[in-house]
Amino acid sequence: MNQITELVDNSFIFTVTISVILLVGITAAMIYFVFRYSEKNNPKPDQSITGSTTLEILWTVVPVLLVLAMFFYGYEGFREMRNIPPNAMLVKVTGKMWFWHFEYENKKTSDTVLVLPAGKDVRFELQSVDVIHSFYVPAFRVKEDCVPGRTNHLWFHTSTEGVYDIECAEYCGMNHSYMLGKVKILPEKEFLEWVNKVDTVKKSDSVSAPPTGNVKTDSTNNSQVKTDSSKTTQVKTDSTKSPVKKPDSLKVNRKDSIKKNK
Amino acid sequence: MANGSLAHEVSYLKYEGKHKGIAGWLLTLDHKRIGLMYLMAILLFFFVAMTLGILMRLEMLTPGETIMRPSTYNSVFTLHGVIMVFLFIIPAIPAVFGNFMLPIQIGAKDVAFPRLNLFSWYLYIAGAILAIVSLFTGGGAADTGWTFYVPYSIRSAQNVTMTTLAAFVLGFSSIVTGLNFVVTIHRLRAPGMTWFRMPLFPWALYATSWIQVLATPIIGITLALIILERLFGIGVFDASLGGDPILYQHLFWIYSHPAVYIMIIPAMGVVSEILPTFSRKDIFGYKQIAISSLGIALIGYLVWGHHMFVSGMSDASRVVFSLLTFLVAIPTGVKIFNWVATLYKASIKFSAPLYYVLAFIFIFSIGGLTGLVLGALSTDIHVTDTYFVVGHFHYVMFGGMGIMFFATMHYWFPKVFGKMYSEKIAIIACTVIIIGFNMLYFPFFILGYMGMPRRYYDYLPQFQGWHVLSTVGSWVLVSGIVFMFGNLLYALLKGPKAPMNPWGGTTLEWKVPSPPPLENFEEIPVVTGGPYVHDKPTYIMHPGKEGLNGNGVVKTANQENAI
Ligand code: HEM
Ligand SMILES: [Cu+2]
Ligand SMILES: [Cu+2]
């Protein structure tokens, strides 16, 4: 089992359990009082009750202890998330409107599909060439923003083979909800075969340097979307051709069908 | 302004001063009329944004295109968020009921600066008009989300500049109102009303107003920088020009986190009014509740970083912000415990406002408790920017502040309009609202934990079941809301006349006629005890007639001057 996933889920279950107990307690007390001390059942209110120091202390101190425990649980999982194993393999992740680009240590690149070997620690360097995106793999409970102008980090352990979703979790414009991908975890041998195959995709096609100024996509000048960085382009989104046009990108078809409507 | 016998006898709704008809409203300096004008505008925007919410849910009914295209969806959630936050929830309780009730509850004839009060209403309207104009000019409705995160907000071709400007202007309206309330509370309390004899609603407004005055300028500057960045590329935030996008997030949340307390503290204030009234007994832990408002306001300044746990902020600051976030939960918890304890050994008259408050306590507790999941670092990293967060903030903002706005409308309706509504229908409507609300928003928590990101136009097939349930919930919720407003509207037109004190409330607004006369009080009352004492009178309504004024209990000079 993946350690981060386990720590996050345990911390979640701990917090939710305490929360449910508190919620049920509060709600039950409230409903009970409303019936027990209704006008009919209790015509004369007890005016002498205006507060109680003992209770105030009690219901300050107990919650403080509870939340400190929750804090600690959360912190424990976080420490694990930030504790990147020194010999983890490195993948560079670049977010670009609206697809993911991956680069391996041997310069092999891939779009949308992140192929990884099973049972390995993998470290990611996260970058963006345009706006903020967020690299999110729900199955591994990890997420970190890709912020232009800086590099963020993330790691997880690829425990079991399988295919998992990658989603962009920071709103980044029109096709934010199509900025999806897959983590494909293969047995190590298959992975090595894949990663050492000669790259057919030229890197410069997909990721270019961040353009300056107000870069907006505009219906009239589609061709400028991928032009060089010095040009200020107007990009209005609906009618733009998506920059992704790779056979292996999973979501492209869907995106295209939407575009046709306009 | 008008004086003489008329002004303290004729209802503020009927009184005719220098201006008549519509001008009598648009140029009024009366805090009650200004409060009502806010009410009209705020309800209008609430309905618009609610409709947008329904449309969003309709779009999410099925994967792929249901009723709109992605860019439309993006503008719709932006607009929904901007309207709900800046035009509804921030001004709702303070600007409407704060304006109306604050002076009456502290025994004053008006707020300290009536002209400034009217000015702030016009600022609100100006901001609203800018927001509307922004939809139809430039590149069309903004599509950045209500958070305007850079660099997207700098690069978007939509009319983000004007929408930002609208939020900027609305901020000033908020600052001016806050300033007015702080001065009013300091200077215009009736003789004998010490700080700890002040009702808890004014206490809550006091804490809120300080946040408005101190925090809002930060968002003003931040939004102004976005405009400059868009127009001139000054490069404060844009990384490609050497700026820092994270800096924007810090500035934005330094305001916007305290802003969530601008939204919720006034609502908590009304809870503390309604509970003692219908319990027929003093509130439990008056001082703790009053002080915890200030506590929340203070600690609330120090936790903004919990919105940025995945932004790439340093690990150390994430840990510190997480710890502080948990601490701010404490005063909120203390309030909830005190409210429930108030019901103990009370003599409870069950009625609509109380029912809404009970609904509030239940729903808001869920909102607060799910906040703990977001405060803990490891779990937040998983669920932040997913539907979990959307669920959480609807539970606290809508379930907290929104439902309390409904409770407030029911509680003070007889006082504001002098009419009674049907209790039975109000209670049925509230039940429908509770069911619809939970059906609509509870699935969000599950979706979020499953990994459904927010602001998604489309979704993966595994999420559909919960989305369908949620959309059906939105229909139930809206039926309840429409039913509730229908009941109030009917009461407004055809309802029976309300007595002066229909609920047996103990605070000053229940000691003046319904609706109150223009100048609220014939004479400024004298206060002799706490606000929620049920077994003996704590206000002297006619100190002059009882010879008190001659005895050295002076009407404060401020009170006279202010009017
Ligand atoms: C009347 C019923 C309502 C419905 C059906 C509704 C529905 C929604 C939906 C579907 C979203 C988009 C979630 C996402 O994809 O991120 C949303 C966002 C939001 N809602 Fe509501 N909502 C309602 C009422 C409210 C109320 C009363 C408030 C405020 C008090 C509110 C404040 C917000 C905010 C601030 C956002 C975030 C907008 C953004 O992402 O920029 N909503 N709502
Ligand atoms: Cu995105
Ligand atoms: Cu916050």
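Here are five short exercises with worked solutions on this predicted model.

**Exercise 1. The surroundings of ligand 1**

Task: Find which residues are closest to ligand 1, and which element gives the largest share of its shell.

Solution:
- Step 1. Start with the shell, which holds 25 residues; the closest are His80(B), Ile89(B), Trp146(B), His394(B) and Arg455(B).
- Step 2. Look for polar atoms. The side chain of His80(B) has an N or O atom 2.8 Å from a nitrogen atom of ligand 1. For Arg455(B), a polar side-chain atom is 2.7 Å from an oxygen atom of the ligand, and for Arg454(B) the distance to an oxygen atom of the ligand is 3.0 Å.
- Step 3. Turn to the elements. Helices H2 (31–59), H3 (70–89), H14 (387–417) and H15 (423–450) of chain B each give two or more residues to the shell. H3(B) provides the largest share, with seven residues.
- Step 4. Sort the shell by class: 17 residues are nonpolar, five are polar and three are charged.

**Exercise 2. A tryptophan beside the ligand**

Task: Decide whether Trp146(B) is buried or exposed, and list its contacts beyond neighbours within four places in sequence.

Solution:
- Step 1. Locate Trp146(B) in the loop between helix H5 (114–136) and helix H6 (152–155) of chain B.
- Step 2. Check its relative accessibility, which is 14%; buried means under 20%, so Trp146(B) counts as buried.
- Step 3. Set aside the neighbours within four places in sequence. The contacts of Trp146(B) are then Thr78(B), Gly81(B), Val82(B), Val85(B), Phe86(B), Phe252(B), Trp253(B), Ser256(B) and Arg455(B).

**Exercise 3. The copper ion**

Task: Name the protein donors of the copper ion (ligand 3) and work out which parts of chain B are tied together by His257(B) and His306(B).

Solution:
- Step 1. Pick out the donor atoms: ND1 of His257(B), NE2 of His306(B) and NE2 of His307(B), at 1.5 to 2.2 Å from the ion.
- Step 2. Read their spacing along the chain, which is H-x48-H-H.
- Step 3. Place two of them. His257(B) sits in helix H9 (residues 245–279) and His306(B) in the loop between helix H10 (286–299) and helix H11 (315–342), so this pair links parts of chain B that are 49 residues apart in sequence.
- Step 4. Check burial: His257(B) and His306(B) are both buried.

**Exercise 4. Inside chain A**

Task: Describe the make-up of chain A, then place Val122(A) within it.

Solution:
- Step 1. Count the elements: chain A has five helices and 10 strands.
- Step 2. Consider burial. Chain A has 262 residues, and 53% of them count as buried.
- Step 3. Find Val122(A) in strand E5 (residues 120–128). Its relative accessibility is 0%, so Val122(A) is buried.
- Step 4. Beyond neighbours within four places in sequence, Val122(A) has contacts including Ala88(A), Met89(A), Leu116(A) and Trp155(A).

**Exercise 5. Backbone exceptions**

Task: Locate the cis peptide bond from Met97(A) to Trp98(A), then compare the burial of Lys345(B) and Asn520(B).

Solution:
- Step 1. Recall the background: most residues other than glycine have a negative phi, and most peptide bonds are trans.
- Step 2. The bond from Met97(A) to Trp98(A) is cis, with omega near -10 degrees. Trp98(A) lies in the loop between strands E1 (89–96) and E2 (99–104) of chain A.
- Step 3. Now look at phi, which is positive for Lys345(B), near 55 degrees, and for Asn520(B), near 65 degrees.
- Step 4. Compare accessibility: Lys345(B) is partly exposed at 32%, whereas Asn520(B) is buried at 1%.

Methods. Residues are numbered from 1 along each chain as its sequence is written. Chains are lettered from A and ligands numbered from 1 in the order in which they are written. This is a predicted model: local features need pLDDT of at least 70, side-chain atom pairs count only at pLDDT 80 or more; totals for chains, interfaces and linings use all residues. Side-chain values use heavy atoms; hydrogens and water are left out. A residue is near a molecule or strand if one of its heavy atoms lies within 4 Å of it. A polar contact is a pair of N or O atoms within 3.5 Å; within protein, one must be able to donate a hydrogen and the other to accept it, and residues adjacent in sequence count only if both atoms are side-chain atoms. Helices (H or I, at least four residues) and strands (E, at least two) are DSSP runs, numbered from the N terminus. Ala, Val, Leu, Ile, Met, Phe, Trp, Tyr, Cys and Pro count as nonpolar, Asp, Glu, Lys and Arg as charged, and the others, Gly among them, as polar. Buried means under 20% relative accessible area, exposed over 50%, partly exposed in between (1.4 Å probe, protein chains only). Donors are N, O and S atoms within 2.8 Å of the metal (3.2 Å for Na, K and Ca); water is not among the atoms, so sites may look incomplete. Contact means heavy atoms within 4.5 Å.
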